[in-house]
Amino acid sequence: MNGSGLLQDKVVIVTGAGSGIGRTSARLFAAEGARTCLFDINEEANRATAELIAEAGLSASCWQVDVASETAVSGAVAAVVKQF
């Protein structure tokens, strides 16, 4: 995946990043240069997405998050803000 760098140095949070549309979106955001933050309740699937991104020579950060929990989401977003 080679992107145009459209999102270079931008931070993107992708929910449901462990599969389906979330996984595909995360890979595309990373290819465009975004600092991609993967949120999913399934830690194993989330890490698999990060590995796919790494195989393309890119990187992503993972957080195990239950997006049905406002507290969990708030905490994870705060961690992303602190990291980036």
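**Fold, cysteines and selected contacts**

At 32% relative accessibility, Val77 counts as partly exposed in this predicted model. The residue is part of helix 3. Outside its sequence neighbourhood of four places on either side, Val77 makes contact with Ile13 and Phe39. The C-alpha atoms of Val77 and Val14 are 11 Å apart in space, while 63 residues separate the two in sequence.

The protein as a whole contains three helices and three strands. Read from the N terminus, these elements follow the order β-α-β-α-β-α. The radius of gyration of the protein is 12 Å, close to the 12 Å given by the globule rule for 84 residues, so the protein is as compact as a globular protein of that length. The C-alpha trace spans about 35 × 25 × 15 Å along its principal axes.

Of the contacts in the protein with a separation of 6 or more, 54% are made by residues 24 or more positions apart. Buried residues make up 30% of the 84 residues. The protein exposes about 5,000 Å², and 51% of this area is supplied by carbon and sulfur atoms. The protein carries 6 positive and 9 negative charges, and the mean positions of the two sets are 7 Å apart.

Strand 1 covers residues 11-15, and Val11 lies in this strand. Val11 counts as partly exposed, at 40% relative accessibility. Beyond four places in sequence, Val11 is in contact with Arg35, Cys37, Val80 and Phe84. Val11 and Gly33 are 22 residues apart in sequence, and their C-alpha atoms are 9.3 Å apart. Asp9 is placed in the segment before strand 1. Although Asp9 is not a glycine, its phi is positive, at about 70 degrees.

Cys37, one of the residues touched by Val11, is buried, with 0% relative accessibility. The cysteine sulfur closest to that of Cys37 belongs to Cys62 and is 9.5 Å away, too far for a bond. A disulfide is a covalent bond between the sulfur atoms of two cysteines. The cut-off applied here is a sulfur pair within 2.5 Å, and by this rule the count of disulfides is zero. Cys62 is accordingly in no disulfide, with the sulfur of Cys37 as its nearest cysteine sulfur. In contrast to the buried Cys37, Cys62 counts as partly exposed, at 23% relative accessibility.

Strand 3 is formed by residues 60-64, and Ser61 has its place there. Ser61 has a relative accessible area of 17% and is buried, because the limit for a buried residue is under 20%. When residues up to four places away in sequence are not counted, Ser61 touches Thr36, Cys37, Leu38, Gln83 and Phe84. Two of these residues, Cys37 and Phe84, are also contacts of Val11.

The loops on either side of strand 3 were also examined. Leu58 is found in the loop between helix 2, which runs over residues 43-55, and strand 3. With a relative accessible area of 27%, Leu58 is partly exposed. The residues that Leu58 touches, apart from those up to four places away in sequence, are Ala30, Ala31 and Ile53. Leu58 is 25 residues from Gly33 in sequence, and the distance between their C-alpha atoms is 8.4 Å. Gly33 is thus listed with two partners, at 9.3 Å from Val11 and at 8.4 Å from Leu58.

Val67 is placed in the loop between strand 3 and helix 3, the helix of residues 70-83. Neighbours within four places in sequence aside, Val67 is in contact with Thr15 and Val73. The C-alpha atoms of Val67 and Asp40 are 7.6 Å apart, with a sequence separation of 27 residues.

Key:
Residues are numbered from 1 along each chain as its sequence is written. This is a predicted model: local features need pLDDT of at least 70, side-chain atom pairs count only at pLDDT 80 or more; totals for chains, interfaces and linings use all residues. Side-chain values use heavy atoms; hydrogens and water are left out. Helices (H or I, at least four residues) and strands (E, at least two) are DSSP runs, numbered from the N terminus. The radius of gyration is taken over C-alpha atoms; the globule rule is 2.2 Å times the number of residues to the power 0.38. Buried means under 20% relative accessible area, exposed over 50%, partly exposed in between (1.4 Å probe, protein chains only). Contact means heavy atoms within 4.5 Å. Accessible areas come from the Shrake-Rupley method with a 1.4 Å probe; for residues, only the protein chains shown count as cover. Lys and Arg count as positive and Asp and Glu as negative; His and the chain ends are not counted. The place of a charge is taken as NZ of Lys, CZ of Arg, CG of Asp or CD of Glu.
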